[in-house]
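Please open the structure in a viewer and keep the selection tool at hand. The tour below proceeds from one selection to the next and states what is found at each stop.

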Amino acid sequence: MSATLAIHGGRPACPQPPPPMYPGGNSIDAEEEAAVLETLRAKRLFRYYGPNPGESKVAQLERDFAARAGVPYALGVTSGTAALICGLQGIGVGPGDEVIVPAYTWIASASAVLAVGAVPVVAEVDASLTLDPADVEKRISPRTKAIMPVHMRGAPADMETLLALAQRYHLKVIEDVAQANGGAYQGRALGAWGDVGCFSLQFNKIITSGEGGMVITHDETIWKRAVMYHDVIGGRRNHFASEEILWGVNFRMPELLAAVAQVQLRKRDQLLARMRQQKQMLRGGMAEIAARRGVTFRTLHDAAGDTAIALIFYVESAEVAGRVAAALQAENIDAARLYEPDVIDYHVYVHWTPITNRRTWHPAASPWRDARSEVDYSPAACPRTLDLLGRAIHLDVNPLLSNQEIELMLEGLEKVLTAMA
Ligand SMILES: Cc1ncc(COP(=O)(O)O)c(C=O)c1O
């Protein structure tokens, strides 16, 4: 190993940059091709009918998804955002309500809340980079209707404490599992803890059909409401009692998408097993140098349930994080920073400018029109989140890397952290 950092002209620890991080996307092979061809040849492209009889792929996918999550109901939709909107409609969130979301999540978590006419209230994350229950409690107001834990970068939020809090204040819980498909908390699938769980199948998620989403729940009423909202005639189609039927829109999942997602779902466990093994190697291999250099790892509320798509560690300051990330990148290690004030990133609430500026599609329908909703989206609202993200270094755990390539990554990490001033 060259002792000189690559950023100073030494030989990079890894001979080339890793392949792009698309765990499910990169695993697409003849199985997905066959599933798509089968669907095309059957000319059955729409969930509810086609020229030939046969069971819908979407219905099969919902059954598989629900069984794996251990819940009775699953509903396929067109995206993770659509899943969140249907989930929020399912639990009855609407105008006048507030939903507490983490200050670190993809903007869609908050825009889904706005889409149903409610106000997103941001709360701090803890060192796991998921909702901090103690801070959530401070943000509860008489208007709070629900809490949205987001299992960010593959790792479970503190569901036991959050559920106890929700129970104490009579709040609903909607889990955003977009980034943690297949993860668990205390042995139960993520998404199956709250009133409703919402998944994304968009291309850079753990498994993918390019786009797509899934809503899961234990509750028949929530499922029925989601069904009616996701399909303009969902109520009639499913023979719900006519006086109960509500109007809906159209977030119906296409059959071709379900054909791909079904195959991907079957690959999920194997992908997770590989990433968990790699992450263990990386974390174990880094433990000694991390301890020596005062580097701490992201805390995990349940290490066994972590999907292991990422290894995140904290250095002492944002300034050091900038130098460490640049030095690691020069070693061909895909290190990313999670927050830089001047780099727009819609995963961090202060960058959600359409929301922080309270822009609306129609002035009469602004969820913020009520003066009682004095929500703070300024940097002062969640300083701990910004501090944690600013000091964080994010490494992808890429299932395409061999053990030998992980060893090279470890050499690069050792080199950079040793040189870290
Ligand atoms: C945490 C989180 N929530 C929601 C979404 C929205 O999912 P989609 O892009 O499928 O609408 C994403 C991903 O894009 C996400 O990462």
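Which residues form one aromatic cluster with Phe 46? The cluster is made up of Phe 46, Tyr 48 and Tyr 49. Please bear in mind throughout that the model on the screen is a predicted one.

**First stop: aromatic rings**

Select Phe 46 and Tyr 48 and display their side chains. A pair of aromatic rings is described by the distance of the centres and the angle of the planes. The structure holds 11 aromatic pairs. One of them joins Phe 46 and Tyr 48, with 5.8 Å from centre to centre and 65° between the planes, an edge-to-face arrangement. Phe 46 is partly exposed, with a relative accessible area of 25%. Tyr 48 is also partly exposed, and its value is 26%.

Next, select Trp 106 and Tyr 346. The centres of these two rings lie 6.3 Å apart and the planes meet at 55°, so this pair is tilted. Where in the chain do Trp 106 and Tyr 346 lie? Trp 106 belongs to the loop between β2 (98-102) and α4 (107-115), and Tyr 346 to the loop between β12 (335-337) and α11 (353-356). The pair therefore ties together parts that are 240 residues apart in sequence. Trp 106 counts as partly exposed, at 40% relative accessibility. Tyr 346 counts as partly exposed at 29%.

**Second stop: charges over rings**

Select Arg 188 together with Trp 193. Arg 188 lies over the face of Trp 193, at 4.2 Å from the ring centre. Then select Lys 224 and Phe 240, where the charged end of the lysine sits over the ring of Phe 240, 5.1 Å from its centre.

**Third stop: the ligand**

Select the ligand and display the residues around it. How many residues are around the ligand, and which come nearest? There are 15 residues around the ligand, and those that come nearest are Gly 80, Thr 81, Asp 176, Ser 200 and Lys 205.

Three side chains deserve a label here. Thr 81 has a polar side-chain atom 2.5 Å from an oxygen atom of the ligand. For Ser 200, a polar side-chain atom is found 2.7 Å from a ligand oxygen atom. Gln 179 likewise places a polar side-chain atom 2.9 Å from an oxygen atom of the ligand. Taken alone, the ligand exposes 380 Å², and the protein buries 91% of that area.

**Fourth stop: salt bridges**

Side chains of opposite charge can pair when their charged atoms come close. A search of the whole structure finds 21 salt bridges. Begin with Asp 29 and Lys 267, which form a salt bridge whose closest N and O atoms are 3.1 Å apart. Asp 29 lies in the segment before α1 (30-42), whereas Lys 267 lies in helix α9 (residues 255-292), so the pair ties together parts that are 238 residues apart in sequence. Are these two residues buried or exposed, or in between? Asp 29 counts as partly exposed, at 34% relative accessibility, and Lys 267 counts as buried, at 11%.

Keep Lys 267 selected and add Glu 32. This second salt bridge of Lys 267 has its closest N and O atoms 2.9 Å apart. Lys 267 is in helix α9 and Glu 32 in helix α1, so the bridge ties together parts that are 235 residues apart in sequence. Glu 32 counts as buried, with a relative accessibility of 2%. Asp 29, Glu 32 and Lys 267 are thus seen to be linked in a network of salt bridges.

Now move to Asp 135 and Arg 139. Their salt bridge has closest N and O atoms 2.9 Å apart. Both residues lie in helix α5 (residues 133-139), four residues apart, which is about one turn of the helix. Asp 135 is buried, with a relative accessible area of 6%, while Arg 139 is partly exposed at 21%.

**Last stop: a distance across the model**

Finally, select Leu 408, which is found in helix α13 (residues 403-419). Leu 408 counts as partly exposed, at 24% relative accessibility. Add Thr 39 to the selection and draw a line from C-alpha to C-alpha. The two residues are 369 residues apart in sequence and 43 Å apart in space.

Notes: Residues are numbered from 1 along each chain as its sequence is written. This is a predicted model: local features need pLDDT of at least 70, side-chain atom pairs count only at pLDDT 80 or more; totals for chains, interfaces and linings use all residues. Side-chain values use heavy atoms; hydrogens and water are left out. Rings of Phe, Tyr and Trp (its six-membered ring) pair if their centres lie within 6.5 Å; planes under 30 degrees apart count as stacked, over 60 as edge-to-face and the rest as tilted. Buried means under 20% relative accessible area, exposed over 50%, partly exposed in between (1.4 Å probe, protein chains only). Helices (H or I, at least four residues) and strands (E, at least two) are DSSP runs, numbered from the N terminus. A charge sits over a ring if NZ of Lys or CZ of Arg is within 6 Å of the ring centre and within 35 degrees of the ring normal. A residue is near a molecule or strand if one of its heavy atoms lies within 4 Å of it. A polar contact is a pair of N or O atoms within 3.5 Å; within protein, one must be able to donate a hydrogen and the other to accept it, and residues adjacent in sequence count only if both atoms are side-chain atoms. Accessible areas come from the Shrake-Rupley method with a 1.4 Å probe; for residues, only the protein chains shown count as cover. A salt bridge is a side-chain nitrogen of Lys or Arg within 4 Å of a carboxyl oxygen of Asp or Glu.
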